[in-house]
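Thanks for coming. I will go through one structure today, taking its ring pairs, its charged side chains and its surface in turn.

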Amino acid sequence: MSPESTRMLVEQAQSGDECAFEALVNQYSTMVHGLALSRVHDWAAADDLAQDVFLVAWSNLSRLRAPGAFLVWIRRIARNASLNWIRAQNYRR
């Protein structure tokens with residue numbers, strides 16, 4: 001997906017278009033899952049984290065000031081969610 005089409009989908013999703021956000025999820029879910037999996041080394045946890053990442057993204061999409069920065073933003077959310085999961089696992093030990 002080109003940066004321009006991503007930006008347009010983000011703008012539509014920010015206006016409340018759930019189908020546009022679904023297209024973003026479809027486009028970036030593999031990347032988000034892979035990033036989470038590379039950090040937590042647990043397939044099921046990576047599945048849960050990917051869902052959480054997109055839930056956080058949907059909830060906070062209005063705060064994204066630069067729609068063209070969606071990829072960087074979603075990767076940051078995935079990274080932070082993964083690190084929080086790792087911290088929680090270490091705390092439980």
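A definition comes before anything else: helices are DSSP runs of H or I with at least four residues, strands are runs of E with at least two, and both are numbered from the N terminus. On sources, this is a predicted model, in which local features need pLDDT of at least 70 and side-chain atom pairs count only at pLDDT 80 or more, while totals for chains, interfaces and linings use all residues. Residues are numbered from 1 along each chain as its sequence is written, and side-chain values use heavy atoms, with hydrogens and water left out.

I start at helix H1, residues 3–14, where glutamate 4 and arginine 7 both lie, 3 residues apart, about one turn of the helix. These two form a salt bridge, with 2.2 Å between the closest N and O atoms. The term means a side-chain nitrogen of Lys or Arg within 4 Å of a carboxyl oxygen of Asp or Glu. By this rule there are 2 salt bridges. The other one joins glutamate 11 to arginine 7, at 2.5 Å from N to O. Glutamate 11 is also in H1, 4 residues from arginine 7, again about one turn of the helix. Through shared partners, Glu4, Arg7 and Glu11 become one network.

How exposed are they? Buried means under 20% relative accessible area, exposed means over 50%, and partly exposed is in between, using a 1.4 Å probe and protein chains only. Glutamate 4, at 41%, is partly exposed. Arginine 7 counts as partly exposed at 25%, and glutamate 11 does at 33%.

Methionine 8 lies in H1 as well, and its 41% relative accessibility makes it partly exposed. Its C-alpha is 11 Å from that of alanine 66, although the two residues are 58 apart in sequence.

Next, the rings. A pair of aromatic rings is described by the distance of the centres and the angle of the planes. Here rings of Phe, Tyr and Trp (its six-membered ring) pair if their centres lie within 6.5 Å; planes under 30 degrees apart are stacked, over 60 edge-to-face, and the rest tilted. The structure holds 4 aromatic pairs. In one of them, phenylalanine 21 and phenylalanine 54 have ring centres 6.4 Å apart and planes at 75 degrees, so this pair is edge-to-face. Phenylalanine 21 belongs to helix H2 (residues 18–40) and phenylalanine 54 to helix H3 (residues 43–60), so the pair ties together parts that are 33 residues apart in sequence. Phenylalanine 21 is buried, at 8% relative accessible area, and phenylalanine 54 is buried, at 8%.

Another pair, phenylalanine 70 with tryptophan 73, is tilted, at 5.9 Å centre to centre and 50 degrees between the planes. Both residues lie in helix H4 (residues 70–92), 3 residues apart, about one turn of the helix. Phenylalanine 70 and tryptophan 73 are both buried. Ring pairs also link Phe21, Phe54 and Trp58 into a cluster.

Last, the surface. Which residues form the positive surface patch? They are Arg39, Arg76, Arg79 and Arg87. Patches take residues with over 30% relative accessible area and no salt bridge, joining like charges within 9 Å and nonpolar side chains (Val, Leu, Ile, Met, Phe, Trp, Tyr) within 5 Å. H4 gives the most to the positive patch, with 3 residues. Arginine 39 is found in H2 and is partly exposed, with a relative accessible area of 35%.

Technical notes
Areas by Shrake-Rupley, 256 points an atom, 1.4 Å probe, with all protein chains shown as cover. Lys, Arg positive; Asp, Glu negative; His and termini not counted. Charge placed at Lys NZ, Arg CZ, Asp CG, Glu CD.
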